[in-house]
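Open your viewer, load the model and keep the selection box handy. We will go from the whole chain to single residues, one stop at a time.

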Amino acid sequence: MRTLRLGRLAALALVSLIAACSGMTVRSQALEGTDFDQIRTYAWLPRGNYAVIRPETIDWIRAAVDEELAAKGLTRVVEEDADVRIDEIASIAEKTQVNDPYFAFEQFETYEEGRLLIVFYEPQTRDVLWQGSAEARLKELKDVEDRRELVRDAVAAVMAKYPPR
């Protein structure tokens, strides 16, 4: 009986997370001619000034990218020894959607859209070798663990496109 109850709770949590990420748009692009099989090490660029994102969110993004890259066989090293340098850019913007007055109760709807961009740079030239992005309409997530899981899901969706095939 307890196992069944825990299974239902896990299923409910999964459905909630999928609903929170519904409508996520994921894109990526790569510099033509780049041999991604030669990229085995990486380093993070120093942090920028993120006025619209909580500092812990950047920590969550970097930790999730570290996990994804470790699973792909890449190793984090000091900047001088890195095959690529990585940066993350995250933002939240308030958007307004105009609804058809015949099919919606409210003509204007305001919501927040989250954006995540992960960029791989060539260390010497600073050319962009690969970048992946995710955009999604954000739902109100009050629990810290739910927010952290949403970040992990967005990072996993972006990193699923690396290396490009």
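Here is a short tour of this predicted model, stop by stop.

**Stop 1: the whole chain.** Colour by secondary structure to begin. The protein holds three helices and six strands. If you trace the chain along the sequence, the order you pass through is α-β-β-α-β-β-β-β-α. Now switch to colouring by accessibility: of the 165 residues, 32% are buried. Contacts are worth a look too. Taking those with a separation of 6 or more, 71% are between residues 24 or more positions apart.

**Stop 2: the largest pocket.** Next, turn on a surface and look for the largest pocket, with a volume of about 660 Å³. Which residues should you select to find its centre? Try Thr 57, Ile 92, Leu 138, Arg 147 and Leu 150, which are the closest to the centre among the 25 residues of the lining. To see where the walls come from, show helix H2 (55–71), strand S4 (84–98), S5, S6 and H3; each of these elements gives two or more residues to the lining. Colour the lining by residue type and you will find 15 nonpolar, three polar and seven charged residues.

**Stop 3: Arg 147.** Stay at the pocket and select Arg 147, which belongs to helix H3. Is this arginine buried or partly exposed? Its relative accessibility is 21%, and buried means under 20%, so Arg 147 counts as partly exposed. Now add Trp 60 and draw a distance between the two C-alpha atoms: the viewer should give 9.5 Å, although Arg 147 and Trp 60 are 87 residues apart in sequence.

**Stop 4: the aromatic rings.** Hide the surface and show the side chains of Phe 36, Phe 120, Trp 130 and Tyr 162, a cluster linked by ring pairs. The model has four aromatic pairs in total. Start with Phe 120 and Tyr 162, a tilted pair with 4.7 Å from centre to centre and 35° between the planes. Phe 120 is in strand S5 while Tyr 162 is in the segment after H3, so this pair ties together parts that lie 42 residues apart in sequence. Both Phe 120 and Tyr 162 are buried.

Then turn to Trp 130 and Tyr 162. How are these two rings arranged? They are edge-to-face, with 5.2 Å between the centres and 70° between the planes. Trp 130 sits in strand S6 and Tyr 162 in the segment after H3, so the pair ties together parts 32 residues apart in sequence. Trp 130 and Tyr 162 are both buried as well.

**Stop 5: a cis bond.** Keep Tyr 162 selected and add Pro 163. The peptide bond that joins Tyr 162 and Pro 163 is cis, with omega about -10°. Pro 163 is placed in the segment after helix H3 (144–159).

**Stop 6: Arg 126.** For the last stop, go to the loop between strand S5 (108–121) and strand S6 (128–138), where you will find Arg 126. Check its backbone angles: phi of Arg 126 is near 60°, a positive value in a residue other than glycine. With a relative accessible area of 48%, Arg 126 is partly exposed. Now show the side chain together with Tyr 121. Where does Arg 126 lie relative to the ring of Tyr 121? Arg 126 lies over the face of Tyr 121, at 4.9 Å from the ring centre.

Definitions and conventions: Residues are numbered from 1 along each chain as its sequence is written. This is a predicted model: local features need pLDDT of at least 70, side-chain atom pairs count only at pLDDT 80 or more; totals for chains, interfaces and linings use all residues. Side-chain values use heavy atoms; hydrogens and water are left out. Helices (H or I, at least four residues) and strands (E, at least two) are DSSP runs, numbered from the N terminus. Buried means under 20% relative accessible area, exposed over 50%, partly exposed in between (1.4 Å probe, protein chains only). Rings of Phe, Tyr and Trp (its six-membered ring) pair if their centres lie within 6.5 Å; planes under 30 degrees apart count as stacked, over 60 as edge-to-face and the rest as tilted. A charge sits over a ring if NZ of Lys or CZ of Arg is within 6 Å of the ring centre and within 35 degrees of the ring normal. On a 1 Å grid over the protein atoms alone, a cavity is a set of points where a 1.4 Å probe fits but cannot get out, and a pocket is an open set with protein on both sides within 12 Å along at least five of seven lines; lining residues have an atom within 4 Å of a point. Grid points are joined across faces, edges and corners, and a volume is the space filled by probe spheres set on the points. Ala, Val, Leu, Ile, Met, Phe, Trp, Tyr, Cys and Pro count as nonpolar, Asp, Glu, Lys and Arg as charged, and the others, Gly among them, as polar. Contact means heavy atoms within 4.5 Å.
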